[in-house]
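I opened this notebook to record what I looked up in the structure, entry by entry. The topics are a pair of helices, a pair of strands and one loop residue.

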Amino acid sequence: MSPSLPDVPDVPDPDPDCRLPYQVAVFARRLSAVGELDRAAFLLLDQLAAGGPANVKTLAAALGVDSSTVTRQAAPLLRERLLARVPYPADRRAVRLALTPLGAGRLAQVRERRRRLIAELTAGWTPDERTVFCALLARFNDGLRDRR
């Protein structure tokens with residue numbers, strides 16, 4: 001069980017340009033405290049689930065990090081048997097990382113927990129509010145991705 005975070009009060013400044021960076025930081029901190037997989041592990045497992053086995057360089061490009069970061073992030077997932085090294089058919093000397101059945105199961109559990117949490121937190125929202133929030137958050141994330 002993750003330790004509970006202290007309640008963080010809203011910033012009193014009414015200017016959204018001043019509040020938004022604070023709210024984004026609080027969001028990232030609180031979301032990372034919820035799951036049993038850290039953010040990096042979740043994104044790596046999710047990328048492999050979506051795209052299938054891949055080499056470190058391909059994963060690094062997809063995740064917007066360098067190869068050494070993927071190698072470092074993959075190490076504990078390999079030890080926990082959530083990932084496996086599999087041979088590359090075109091070159092037996094090369095290997096790719098692949099999601100194991102255990103890794104797919106853990107990813108499914110975390111996705112479901114997050115889905116339930118989001119459903120709970122937005123239960124009082126209208127469908128339109130959820131749609132707008134998702135669209136704006138996607139737009140925000142796309143903007144961050146495009147800055148790379």
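Entry 1, helix pair. I worked from a predicted model, and I began with helix H3 (residues 56-63) and helix H4 (residues 67-79), whose axes come within 8 Å and cross at roughly 105°. Since angles from 65 to 115 degrees count as roughly perpendicular, I noted H3 and H4 as roughly perpendicular to each other. I then listed the residues that meet: Val56, Lys57, Leu59, Ala60 and Leu63 on the H3 side, with Ser67, Val70 and Thr71 on the H4 side. Sorted by class, this contact of H3 with H4 has 5 nonpolar, 2 polar and 1 charged residues.

Entry 2, strand pair. I next looked up strand S1 (residues 83-88), which runs antiparallel to S2 and is joined to it by 6 bridges. The two strands, S1 and S2, form a hairpin with 2 residues between them, and I recorded Leu97 in S2 as the bridge partner of Arg85.

Entry 3, loop residue. Which loop holds Thr100? I found Thr100 between strand S2 (91-99) and helix H5 (101-121). Is Thr100 buried or exposed? Its relative accessibility is 14%, and because buried means under 20%, I entered Thr100 as buried. For its side chain I noted two polar contacts: a polar atom of the Thr100 side chain lies 3.1 Å from the backbone oxygen of Leu82, and the side chain of Thr100 also reaches the backbone nitrogen of Gly103 at 3.0 Å. Setting aside neighbours within four places in sequence, I listed Arg81, Leu82, Leu83 and Ala84 as the residues in contact with Thr100.

Conventions
Residues numbered from 1 in each chain as written. Predicted model: local features only at pLDDT ≥ 70, side-chain atom pairs only at ≥ 80, totals over all residues. Heavy atoms only, no water. Helix = DSSP H or I, 4+ residues; strand = E, 2+ residues; numbered from the N terminus. Buried < 20%, exposed > 50% of the residue type's maximum accessible area, 1.4 Å probe, protein only. Polar contact = N/O pair within 3.5 Å; in protein donor to acceptor, adjacent residues only side chain to side chain. Contact = heavy atoms within 4.5 Å. Axes fitted to C-alpha atoms, helices over the stretch in contact; angles between N-to-C directions. Parallel < 35°, antiparallel > 145°, perpendicular 65-115°, else oblique. Nonpolar A, V, L, I, M, F, W, Y, C, P; charged D, E, K, R; others polar. Pairing = 2+ DSSP bridges.
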